[in-house]
Amino acid sequence: MTLFKKNSFYDFAYKRFKKNKLAVIGAAVTLLFVVMAIFAPLIAPYEPSEFFFVEGQNVYNKYAPPSDGHLLGTDSLGRDVFSRLIYGARVTMMVALLAVSISTVIGTFIGLITGYFGKLVDAIFMRIVDIVISFPVLFLLISISTIMKPSIWIVIFAIGFVSWTSTARLVRGEVLRVKQLDYIVAANACGSSSLKIILKHILPNILAPIMVQITIGTAQAILMEASLSFLGVGVQQPTPSWGNMLMDAQKLLVLRDMPWIWIPPGIVNLLLVLAIYFVGDGLRDAFDPKQ
Amino acid sequence: MKPSNTTPGSPLPSNKKPLLQVKDLSVKFRTEEGMFFAVEHISFDLEEQKTLAIVGESGSGKSVTSLAIMQLLAENGKITSGEIFIDDEDILKLSQRQVQHSILGKKISMIFQEPMTALNPILKVGEQIMETIIEHQGASRKEAYAIALDTLKQVGIPSPEQRIKQYPHELSGGMRQRVMIAMGLVTKPKIMIADEPTTALDVTIEAQILNLLENLKETYKTAILFVTHDLNVVADIADDVIVMYCGEIIEKGPVADIFETPRHPYTIGLLATMPSLDNDNDILPTIRGVVPNITKRPTGCYFHPRCDHAMPQCAQRSPAVFQVGQQAVKCFLYEQDALGVQDGPGVQDGPGAGEVNHG
């Protein structure tokens, strides 16, 4: 199978990745979740926000234990946990991927210009990074959610805006390393413009660590979304996310007596994050054969 | 051998216009301990189809000189004075953009020492050669491909149609150096700077590459500035030689003259260290001492602590440049000769005469 140009850097990396069992399993599990998220309407037996009633009565069927009708039971409002779990994958992944896209774009851009141009640009942006890192994220989000109507977009942007700093630092360091290599000096000697050198020679050569950073950033964004939603400042009801499904576990009764409500979202969360980390580690090893 | 027609600092009128003219170039580097000169008052001319070799030990400033001409000095390096003329245009007066656009890669190109690292590992060699053509000649990709293929043929790469689609790691060191040369040649620049292009290669490949450079010089009518520490290579390829020590030109002249009658004690020492077949010595001669650090240069003549002919004045002031025959020497030993009759009997008293002519 040839995914990449023969004998190219990525071709070799792909071959090495394939040999790493843990990484392949991680990739498979991740893929499974992605498929689940994409085909949620086909897999889920019910709508995620559909309320169920106790048969023959005008009462919500709350906290129902797993049964044939509800594989994982129902939650505190009488909704099907299994369906919410499957739709929750959509929300969780969308939030994570969009947040990571934002942080990768900002982080890579800032890392490239600070690393390449250095001096004043570097000093200014690195201080901004320091400020962003020092920001109390939770406090920020709680404040925002009390002022503005909470929405999924606020969560996405919030995660994106606080997590670009690690990408920026990583990219900056990589640029500093690559920029002094002979082939960059040689490209300079050919009279290539700065833009061309950055885009054609530097960026492609530091894509590998950026890709590793993207996978790890995705896992971290999933965790961040879960904690924010768990605290009620993330994805809001009735939209299901794995984080806000765990909110029910804040009640002692649920935590003690109704494990079907919080164990499944907890487990899928753990599984997906772990799978993505395995992929990230696999990528890192595949890109760096010396390790 | 055509005579060198300049002396450092004061170029004499020449019948041929030099392609590259460096006048009084000085470069300073900022270090933890302050600003220090890496090269000082470098002047030379390079004419069409000539090869000028810059020779010196590590730290003599030969690479800094070539990087300064290419304006590729590291961030802590700065050209503090001097002019660099390419086609009668002082490129130090141009903006960075103008230099990128109309000088580098177009009029002057550079071949690097390490072919293993001087090629972008994730671009196919064809791409890298084509880049310069597209950048400078505004050619379409198709035209650029044809030119790149042709250039690969010119530099003697077998089955170029196949090689052009390969990545650098699929080529041997010699092949990569040929690719580097092709990259430098593809826009037909008038001047090529070769910074120790054969140091990383084994001797058989070295001979091939030198041969190639020689041929290309004829075909493309380029001038080559050849930076090296290898005197055998200099003897092979150069027309004129500049000997550098501690960032200064200490001797300059036609290659035959320098090799036959080296004047400066350092040059003499350097040539004596060359292994030769008709020399039965078990131990190769060396120059005692080491090149002083850039931050701790001696007073007066930089070479005097290592010099067997040092005089009291050598420690006090830096010698001027004296013209002896075709050679320009920065040494007090030649003060008399330069003032008096050139190539007179006085020269015989110089250290060069004793050790090389009659030795």
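The exercises below work through the architecture, cores and chain contact of a predicted model.

The model is predicted, and local features need pLDDT of at least 70, side-chain atom pairs count only at pLDDT 80 or more, while totals for chains, interfaces and linings use all residues. Residues are numbered from 1 along each chain as its sequence is written, and chains are lettered from A, with ligands numbered from 1, in the order in which they are written.

**Exercise 1. Describe the secondary structure and burial of each chain.**

Solution. Begin with the elements, where helices (H or I, at least four residues) and strands (E, at least two) are DSSP runs numbered from the N terminus. Chain A has 13 helices and zero strands, whereas chain B has 13 helices and 14 strands. Next take burial: a residue is buried if 20 or more other C-beta atoms, placed from the backbone, lie within 10 Å of its own, exposed if 12 or fewer, and partly exposed in between. On that criterion 41% of the 291 residues in chain A are buried, and in chain B 48% of 359 residues are. Finally, the C-alpha atoms of chain A fill a box of roughly 80 × 50 × 30 Å along the principal axes.

**Exercise 2. Examine helix H2 of chain A and state what covers its buried residues.**

Solution. Helix H2(A) covers residues 21-38, and its 18 residues reach 25 Å from first to last C-alpha, close to the 26 Å expected at 1.5 Å a residue; the expected span is 1.5 Å times one less than the number of residues. Its buried residues include A:Ala23, A:Gly26, A:Ala27 and A:Thr30. An α-helix has 3.6 residues a turn, so residues three or four places apart point the same way. The cover over the buried residues of H2(A) includes helices H1 (9-19), H3 (40-43), H4 (81-117) and H13 (259-287) of chain A.

**Exercise 3. Trace the four-stranded sheet of chain B and place B:Lys78 in relation to it.**

Solution. The open sheet has the order S4-S3-S6-S7 with antiparallel pairing, two strands being paired if DSSP finds at least two bridges between them. Strands S4 (34-46) and S7 (89-90) are the edges, each pairing on one side only. Strand S3 (residues 20-31) pairs with S4(B) over nine bridges, and B:Val27 stands opposite B:Val39 in S4(B). B:Lys78 lies in strand S6 (residues 77-86) and is in contact (C-beta atoms, placed from the backbone, within 7 Å) with B:Val27 and B:Lys28, leaving aside neighbours within four places in sequence. B:Lys78 is partly exposed because 15 other C-beta atoms lie within 10 Å.

**Exercise 4. Identify the members of the largest nonpolar core that touch the most other members.**

Solution. A nonpolar core is a set of buried Ala, Val, Leu, Ile, Met, Phe, Trp, Tyr and Cys residues joined through C-beta atoms within 7 Å. Of the 112 residues in the largest one, B:Ala53, B:Ile191 and B:Ile242 touch the most other members. Its largest share, seven residues, comes from helix H6 (residues 173-185) of chain B. Apart from this core lies another, of 49 residues, among them A:Val81 and A:Val155.

**Exercise 5. Characterise the side of chain A that touches chain B.**

Solution. The contact takes 18 residues from chain A and 26 residues from chain B. Helices H8 (182-189) and H9 (194-205) of chain A each supply at least two residues of chain A's side, and H8(A) gives the most, with six residues.

Key: Contact = placed C-beta atoms within 7 Å. Nonpolar A, V, L, I, M, F, W, Y, C, P; charged D, E, K, R; others polar.
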